[in-house]
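Let's work through a few exercises on this structure together. Have a go at each task before you read its solution.

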Amino acid sequence: MIDIDWLAFVQVFAAALISSLLVVGFYAVAVRLLVRAGRVPVVAPAEFTDAITVISEKEARRAEKAAAKAAKKSPLTDGQKRLALVGAYASFGMCGLAVLAGLLLIIFGH
């Protein structure tokens with residue numbers, strides 16, 4: 001007969017849920033702070049097959065222009081933008097640390 005340790009199962013489930021919420025949460029905060037700092041992440045168009053709509057070069061230039069215009073209109077002072085940028089980098093760092101901690105736990109935590 002197979003004996004399942006349900007408490008261990010619940011612990012693993014809770015740890016996975018909490019860690020995924022932390023990583024996604026820190027990433028979302030980092031991207032939001034990056035935008036508030038005036039550094040809108042514009043991704044160059046890539047070519048994919050059928051299922052994904054690809055924007056044209058003209059649409060990409062228009063998006064970059066709109067992002068630059070929005071960055072100029074920001075009501076934040078230079079100091080506030082700098083603080084938002086530091087916060088964004090710190091949040092990205094927390095994402096990396098959470099992933100690294102998970103990997104170390106998997107590798108070394110018996």
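Below are some short exercises on this predicted model, each with a worked solution.

**Exercise 1. The overall build**

Work out how many helices and strands the chain has, and how its elements run from the N terminus on.

*Solution.* Start by counting: the chain has three helices and zero strands. Next, read the elements from the N terminus, and you get α-α-α. Now look at burial: of the 110 residues, 12% count as buried. As for the surface, the accessible area of the chain is about 9100 Å², and carbon and sulfur atoms account for 69% of it. Finally, turn to contacts between residues at least 6 apart in sequence: 73% of those join residues at least 24 apart.

**Exercise 2. The ring pairs**

Find the aromatic pairs in the structure, and say which kind each one is.

*Solution.* There are two aromatic pairs to find. Take Trp6 and Phe9: their ring centres are 5.7 Å apart and their planes sit at 85 degrees, so this pair is edge-to-face, since the cut-off for that is over 60 degrees. These two residues are three apart in helix 1, which spans residues 6-36, so about one helical turn separates Trp6 from Phe9. Both Trp6 and Phe9 are exposed.

Then take Tyr27 and Phe92: here the ring centres are 5.6 Å apart and the planes are at 65 degrees, so this pair is edge-to-face too. Tyr27 belongs to helix 1 and Phe92 to helix 3 (residues 78-108), so the pair links distant parts of the chain, 65 residues apart. How about their exposure? Tyr27 is partly exposed, with a relative accessible area of 47%, and Phe92 is partly exposed as well, at 27%.

**Exercise 3. Inside the fold**

List the residues of the largest nonpolar core, and say which helix gives the most to it.

*Solution.* First, the members: the largest nonpolar core has five residues, namely Leu34, Ala37, Ala84, Leu85 and Ala88. Helix 3 gives the most to this core, with three residues. Now pick out Leu34 and leave aside residues up to four places away in sequence: Leu34 touches Arg39, Val40, Leu85, Ala88 and Phe92. Among these, Leu85 and Ala88 are also core members, and Phe92 is the ring partner of Tyr27 from the exercise above.

**Exercise 4. Ser91: buried or exposed?**

Decide whether Ser91 is buried or exposed, and find what it touches.

*Solution.* Locate the residue first: Ser91 lies in helix 3. Its relative accessible area is 8%, and buried means under 20%, so Ser91 is buried. Then check its contacts, setting aside neighbours within four places in sequence: Ser91 meets Phe26, Val29, Ala30 and Leu33.

**Exercise 5. Out on the surface**

Find which residues make the nonpolar surface patch of about 910 Å².

*Solution.* The patch is made by Met94, Leu97, Val99, Leu100, Leu103, Leu104, Ile106, Ile107 and Phe108. Zoom in on one of them: Met94 is found in helix 3, and it is partly exposed, with a relative accessible area of 37%.

**Exercise 6. Far in sequence**

Work out how far the C-alpha atoms of Ala16 and Gly102 are separated.

*Solution.* Begin with Ala16, which is placed in helix 1 and is partly exposed at a relative accessible area of 41%. Along the chain, Ala16 and Gly102 are 86 residues apart, while their C-alpha atoms are separated by 9.4 Å.

How values were computed. Residues are numbered from 1 along each chain as its sequence is written. This is a predicted model: local features need pLDDT of at least 70, side-chain atom pairs count only at pLDDT 80 or more; totals for chains, interfaces and linings use all residues. Side-chain values use heavy atoms; hydrogens and water are left out. Rings of Phe, Tyr and Trp (its six-membered ring) pair if their centres lie within 6.5 Å; planes under 30 degrees apart count as stacked, over 60 as edge-to-face and the rest as tilted. Helices (H or I, at least four residues) and strands (E, at least two) are DSSP runs, numbered from the N terminus. Buried means under 20% relative accessible area, exposed over 50%, partly exposed in between (1.4 Å probe, protein chains only). Patches are made of residues with over 30% relative accessible area and no salt bridge: like charges are joined within 9 Å, nonpolar side chains (Val, Leu, Ile, Met, Phe, Trp, Tyr) within 5 Å. Accessible areas come from the Shrake-Rupley method with a 1.4 Å probe; for residues, only the protein chains shown count as cover. A salt bridge is a side-chain nitrogen of Lys or Arg within 4 Å of a carboxyl oxygen of Asp or Glu. A nonpolar core is a set of buried Ala, Val, Leu, Ile, Met, Phe, Trp, Tyr and Cys residues joined through side-chain atoms within 4.5 Å. Contact means heavy atoms within 4.5 Å.
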